[in-house]
Amino acid sequence: MESSIYHPTAWHVTHWSEDAYSLGAYSTLLPGGRPEHRGVLGECLDGRLVIAGEACNPEAPAMTHGAWDDGIRAARLAVQAGARRVIVIGAGCAGLGAARHLRASGVDCVVIEARERIGGRTHSLQLGSVTVDVGAAWLQQFSANALAREAEHLGMNMVETDFSQPLSAASDGPVHGINEAWQALRQGIDRSRPLSEGIGCYLASLDPAHARATRYAIDGNLIIEACLPLAELSVDSLDEEGVGNDDRFLPGGYSQIIEHLASGLDIRLGQPVTRIDWQNSELRINEERGDFCICTVPLGVLKTLCFLPELPPAQQDALAHLGMGKLEKVVLQFDQRWWPRSPTGYLRWYDTPASWVEWLDLTDALGKPTIAGLIAADAVEREFAGHSDKEIALAARDTLKAWATAVEASHRG
């Protein structure tokens, strides 16, 4: 009989890819996509409409502060256009950034949000006795992160995570040289080819040991970051920065920042938007009327909206080159920590096919044995389809057990 120490006392499994108000985790570059497409998508249209958010930020895509900064960029465009009343769609980081800047500039604005909560793809909830983030969880690019400055101002507890030194294990024996294999791939791949084709040719040129390390590097450094299969990614995805730049974890949850940023704003919850009518000088969005709109919905939802008139060809082309990555999270809580302790709190598991690649041990920061696993791209469908949250959580637990067994075996060896 299995020991009770392996039985989670609580768990949470995310479903961002199925969430009607998200339809994925964050934006990524599709084949042929370039960072420039992000900037084009966010251009001011006819002095009345701006699309904003992490998908429009070439400097910090897929990051909360990238969304925040881009919301402020959009608000500045509204001010420059002489907007008198702005309708902001979405109360995530981009929408809150836009609304706060507009309010500080003396411009009337209202934020309409589909959910019955604020925060968008940030979401803190109670798991057992602790608060956990089941969406965004880290302050990334810390020195250049405006949200980090807010956290510092609020005196929030922040814990640094070193993503460069994971405690790693693989299902087929010891694993070494992942970072070196990743850098060699980025330098050696033929970038004139589609990404999947270029990687195939590159792998074929390697000896078996280096090919194995490179395949694991792709799983751990590209797929888990860009969140789509290779055939659906741009070559430029190799260069879009992910975790690892002095990132800080928030033991008290992102909600502390979000609630502070939303203070004093006019936010209307429970108002999904399906159509943006900007064909006349007076914009019509649900029951709201204004002369300027800042649309900050996630890219997956943006592609479902009806624009009257349609978006210009340049923006439609940009949309066609940007996609929504699939990334899900399971948070598991136990009575005691039974897995090996990583000095950095960061774990990696390499298997074929890839499953729960990344793990973050939150135990020390939260004071309760808690660990979060991440799964991406086609592995989501493979591991989630037809399974209940309990089944998914226990299968993830089994992956963690396999990782722990492999780590212990390597230490004995």
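Author: Quick key first: helices (H or I, at least four residues) and strands (E, at least two) are DSSP runs, numbered from the N terminus. The model is predicted, so to speak of local features takes pLDDT of at least 70 and side-chain atom pairs count only at pLDDT 80 or more, while totals for chains, interfaces and linings use all residues. Residues are numbered from 1 along each chain as its sequence is written, and side-chain values use heavy atoms, with hydrogens and water left out.

Reader: OK, where is Pro 353?

Author: Start with the bond before it: Thr 352 and Pro 353 are joined by a cis peptide bond, with omega at about -5°. As for its place, Pro 353 sits in the loop between E20 and E21.

Reader: And what is omega for the cis peptide bond that joins Leu 308 and Pro 309?

Author: Pro 309 is in the loop between strand E17 (306-308) and helix H10 (313-320). The cis bond from Leu 308 to Pro 309 has an omega of about 0°.

Reader: What is phi of Ala 62 near?

Author: You'll find Ala 62 in the loop between strand E3 (49-51) and helix H2 (64-80). Its phi is positive, in a residue other than glycine, and lies near 70°.

Reader: On to the sheets. In the open sheet of 6 strands, which strands stand at the edges?

Author: Two strands pair if DSSP finds at least two bridges between them. Here the order is E1-E19-E22-E21-E20-E10, with mixed pairing, and the twist averages 15° from one strand to the next. Each edge strand has a single partner, so one side of each has no neighbour in the sheet; the two are E1 (10-13) and E10 (167-170).

Reader: What is the bridge partner of Val 13 in E19?

Author: E1 and E19 run antiparallel and are joined by 4 bridges. In E19, the residue bridged to Val 13 is Val 330.

Reader: Helix H7 packs on that sheet; what angle does its direction make with that of E21?

Author: H7 covers residues 208-226 and touches E10, E19, E20 (346-350), E21 (356-361) and E22 (370-376), where contact means heavy atoms within 4.5 Å. Axes are lines fitted to C-alpha atoms, for helices over the stretch in contact, and angles between N-to-C directions run from 0 to 180 degrees. Between H7 and E21 the angle is about 65°.

Reader: There's also an open sheet of 3 strands. What residue in E11 does Leu 139 stand opposite?

Author: The order there is E8-E11-E9, with antiparallel pairing, and the edge strands E8 (138-139) and E9 (159-161) each pair on one side only. E8 is joined to E11 (residues 247-249) by 2 bridges. Opposite Leu 139 in E11 stands Arg 248.

Reader: How do H4 and H8 lie to each other, roughly parallel or roughly perpendicular?

Author: H4 (residues 146-154) and H8 (residues 255-262) pack with their axes 10 Å apart, at an angle of about 90°. Angles under 35 degrees count as roughly parallel, over 145 as roughly antiparallel, 65 to 115 as roughly perpendicular and the rest as oblique. H4 and H8 are therefore roughly perpendicular.

Reader: How many residues of the contact of H4 with H8 are nonpolar?

Author: From H4, Leu 147, Glu 150, Ala 151 and Leu 154 meet Gln 256, Ile 257, His 260 and Leu 261 in H8. Ala, Val, Leu, Ile, Met, Phe, Trp, Tyr, Cys and Pro count as nonpolar, Asp, Glu, Lys and Arg as charged, and the others, Gly among them, as polar. That gives 1 charged, 2 polar and, for the nonpolar ones, 5.
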